[in-house]
Amino acid sequence: MLRWACRRCVVTRTGSTLPAQIWVSLHDNVCLRHNLWVGKNVFAPEQQLDPSRTPDVIRAQRRCWRLRRRYGPILIALCYDGTGKLWSGLAHRDYQLVHRA
Ligand SMILES: [Zn+2]
């Protein structure tokens, strides 16, 4: 999937402030080096937000990478799609988390 590269990584690696696009996995949503959301719904590098206030997002990215290394990208992609559909279905039925699961 072609996405905007982390704008801080681009500056660090190239010295340029020009935006760059890279091919990444669908599951790479956070640049853990710079704590920037680079995943879904980022349509320009300026839209990359800092998820530091939501540490669960950062932990989820780390866990996803760990699971992908352990079980392989194909199995993780299947699980990712399945859980995405599950949560999407629950959201459409107005299910809300009262306590953190
Ligand atoms: Zn970065």
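The lining of the largest pocket in this predicted model is made up of 12 nonpolar, five polar and eight charged residues. A second pocket has a lining of 12 nonpolar, no polar and four charged residues. Beyond the pockets, there is a tetrahedral zinc site to look at, and a partly exposed serine at position 16.

**The largest pocket**
- The space inside the largest pocket comes to about 990 Å³.
- Its lining consists of 25 residues, and those nearest the centre are Asn29, Ala60, Cys64, Tyr80 and Thr83.
- Two helices are good places to start tracing the wall: H2 (55-71) and H3 (73-92) each give at least two residues to the lining of the largest pocket.

**The second largest pocket**
- The second largest pocket holds about 320 Å³ of space.
- Sixteen residues line the second largest pocket, with Cys6, Cys9, Ile22, Val24 and Cys31 lying nearest its centre.
- Strand E1 (2-4), helix H1 (7-14) and strand E3 (30-31) each contribute at least two residues to this lining.
- Helix H1 provides the largest share of the lining, three residues.

**The zinc site**
- Four protein atoms serve as donors to the zinc ion: SG of Cys6, SG of Cys9, SG of Cys31 and ND1 of His34, at 2.1 to 2.3 Å from the metal.
- Three of these names may look familiar, as Cys6, Cys9 and Cys31 are also among the residues nearest the centre of the second largest pocket.
- The angles among the four donor atoms run from 96 to 116 degrees, and the site is tetrahedral.
- For reference, the ideal angle for four tetrahedral donors is 109.5 degrees.
- Along the chain, the donor residues follow the spacing C-x2-C-x21-C-x2-H.
- Two of the donors, Cys31 and His34, are both buried.

**Serine 16**
- Serine 16 sits in the loop between H1 and strand E2 (21-23).
- With a relative accessible area of 24%, serine 16 counts as partly exposed, because buried would require a value under 20%.
- Apart from neighbours within four places in sequence, serine 16 is in contact with Val10 and Val11.
- Valine 30 is 14 residues from serine 16 along the chain, and the C-alpha atoms of the two are 21 Å apart.

Key. Residues are numbered from 1 along each chain as its sequence is written. This is a predicted model: local features need pLDDT of at least 70, side-chain atom pairs count only at pLDDT 80 or more; totals for chains, interfaces and linings use all residues. Side-chain values use heavy atoms; hydrogens and water are left out. On a 1 Å grid over the protein atoms alone, a cavity is a set of points where a 1.4 Å probe fits but cannot get out, and a pocket is an open set with protein on both sides within 12 Å along at least five of seven lines; lining residues have an atom within 4 Å of a point. Grid points are joined across faces, edges and corners, and a volume is the space filled by probe spheres set on the points. Helices (H or I, at least four residues) and strands (E, at least two) are DSSP runs, numbered from the N terminus. Ala, Val, Leu, Ile, Met, Phe, Trp, Tyr, Cys and Pro count as nonpolar, Asp, Glu, Lys and Arg as charged, and the others, Gly among them, as polar. Donors are N, O and S atoms within 2.8 Å of the metal (3.2 Å for Na, K and Ca); water is not among the atoms, so sites may look incomplete. Four donors count as tetrahedral if all angles lie between 85 and 135 degrees; four count as square planar and six as octahedral if opposite donors are over 155 degrees apart and all others between 65 and 115; anything else is irregular. Buried means under 20% relative accessible area, exposed over 50%, partly exposed in between (1.4 Å probe, protein chains only). Contact means heavy atoms within 4.5 Å.
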